[in-house]
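Thank you all for coming. I would like to take you through one model this morning, beginning with a pair of helices and ending with the ligand.

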Amino acid sequence: MLQTQTIFCGDNLQKLRELPDECVDLIYIDPPFNSNRDYETFWGDTKEKRAFEDRFGAVEHYIAWMRPRVSELYRVLKKTGSFYFHCDWHADAYVRVMLDQEFGANGFNTHIIWRRTNAKGLASKSFPNNHDSIFFYTKGKEHTFNRLYLPHSQKYLDDFYKHVEPGTNRRYRLGDLTNPNKNRPNLTYEFLGVTRVWRWTRERMQEAYENGLIIQTKAGAVPALKRYLDEQEGTPIDSIWSDIPPIQPQSKEGLGYPTQKPLALLNRIIEASSNRGDVVLDAFCGCGTTLHAAQNLGRKWIGIDISPTACRVMADRLIDKCRLREGEDFYLRDLPKTSEQLRKYPPFEFENWAVTALNTVLVNGHAIANKAQVRDMGIDGRVYPATVAKERQKGRNLFGEMDRWFPVQVKQKDKAGRPDIDMFETAMKRQGREKGFFISFDFTSDAIREISRALREEGLEIIPVTVSEILDEEHSYKV
Ligand SMILES: C[S@@+](CC[C@H](N)C(=O)[O-])C[C@H]1O[C@@H](n2cnc3c(N)ncnc32)[C@H](O)[C@@H]1O
């Protein structure tokens with residue numbers, strides 16, 4: 001049984017190996033290139049610029065890292081399925097060669113150019129690099145393909161659909177009725193005083209003429225076919241996509257993730273290469289654009305991402321934008337659950353996990369981890385009383401300022417010590433907060449003494465919360 005409407009948290013290489021052969025209709029991936037840099041600029045914070053680990057180094061390493069993943073994706077793709085790989089100039093040439101090898105020479109379908117922005121980098125001595133490449137491959141000839149159209153441009157309408165039919169007001173253009181093959185004696189005859197090799201037989205021409213579909217603009221002119229605008233589907237979408245703007249920092253759709261792709265882009269791919277009820281897979285799904293689009297379009301979906309924070313963000317996106325209920329309409333699986341796993345997290349992941357997981361033990365409040373944009377020295381998140389949290393959700397002002405909140409500090413340490421508590425006190429005072437939450441694996445007795453002193457002497461209430469209390473949901477904390 002294939003589990004769909006599910007986000008799996010973990011390395012896609014491992015997760016994909018757990019999926020059966022040929023179970024997915026459409027795959028879209030947008031992997032990070034060469035390092036986990038994109039991901040860290042988002043989830044990391046600007047206050048402590050974290051050195052990122054250049055995980056794959058050179059292009060060859062990137063390709064060597066991608067290849068087994070592509071090979072697993074190929075395995076899980078149905079024979080009628082389609083595969084889209086989104087990348088940019090850094091590695092597109094190498095990716096294309098690798099995909100040709102993995103999908104076989106006949107697998108390549110289209111190289112789509114997605115024009116992202118307008119004139120960037122004009123200062124350098126080169127042409128601004130303004131596009132991404134999306135490689136479209138299929139496993140077999142019988143793949144699903146729904147042709148998509150864009151409305152004709154005004155210029156096209158003005159240039160070609162110049163005629164308006166009196167009475168009906170229908171716009172039309174003149175279509176050629178002559179035959180490109182000049183050697184068709186059967187179709188060579190005189191019609192309305194003009195002798196040509198025609199496309200149709202005399203009888204068919206006559207019938208069309210009597211139905212008002214053929215027009216002769218003046219005596220002696222070559223008769224032409226009326227092609228009505230309202231019968232045309234528009235301009236077929238080709239391999240150059242320049243009508244979908246990228247997500248701008250201020251756009252409504254933006255979640256603050258630098259490589260977030262627009263819904264319109266994923267809508268197009270999903271509509272072209274799948275039908276309602278088909279299964280769509282994104283194995284690097286970031287903040288969940290593919291899942292959001294697939295859900296809206298009535299497809300089944302599977303998402304995989306290695307970042308627990310990204311998984312949480314997509315789950316919240318599905319709840320917020322698609323009105324889904326977690327645990328009923330969709331599932332979030334394999335989030336790490338033990339202290340040992342959490343000790344191995346990268347620090348920024350741990351912070352995000354801790355602040356979000358604090359919600360499981362909070363009563364009447366909601367904790368939100370800081371985003372990269374928020375520069376709160378010494379604070380990793382905020383707890384809002386339930387009433388304020390509701391208002392924030394309604395106003396969709398997720399990262400905005402509201403005055404009733406309590407700071408959260410996280411230390412990924414076996415035992416947080418007195419200096420850690422001292423620093424948090426300073427941050428609390430700077431922010432004018434009388435209450436705050438401090439999360440760590442444990443606390444030294446000095447730290448606990450300092451917490452009591454701060455309450456007694458300065459009226460600062462610091463609530464120490466251990467990871468195991470969160471995992472075991474042992475205590476609950478009133479806000
Ligand atoms: C460029 S982002 C995808 C953005 C996405 N298209 C969107 O619109 O939100 C790449 C994602 O791949 C994830 N990732 C990186 N390595 C991974 C791996 N081995 N397995 C699963 N996900 C991975 C990162 O956590 C990141 O969220």
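When I speak of a contact, I mean heavy atoms within 4.5 Å, and the helices are DSSP runs (H or I, at least four residues) numbered from the N terminus. Please keep in mind that this is a predicted model, in which local features need pLDDT of at least 70 and side-chain atom pairs count only at pLDDT 80 or more, while totals for chains, interfaces and linings use all residues. Residues are numbered from 1 along each chain as its sequence is written, and side-chain values use heavy atoms, with hydrogens and water left out.

On the helix 3 side, the residues that meet helix 4 are Val59, Tyr62, Ile63, Met66, Arg67, Val70, Ser71 and Tyr74, and their partners in helix 4 are Tyr94, Val95, Met98, Leu99, Gln101, Glu102 and Phe103. That contact comprises eleven nonpolar, two polar and two charged residues, where Ala, Val, Leu, Ile, Met, Phe, Trp, Tyr, Cys and Pro count as nonpolar, Asp, Glu, Lys and Arg as charged, and the others, Gly among them, as polar.

Turning to the ligand, 22 residues surround it, each with a heavy atom within 4 Å, and the closest are Asp30, Tyr257, Cys287, Thr289 and Asp305. This shell divides into nine nonpolar, eight polar and five charged residues.

Key
Helices (H or I, at least four residues) and strands (E, at least two) are DSSP runs, numbered from the N terminus.
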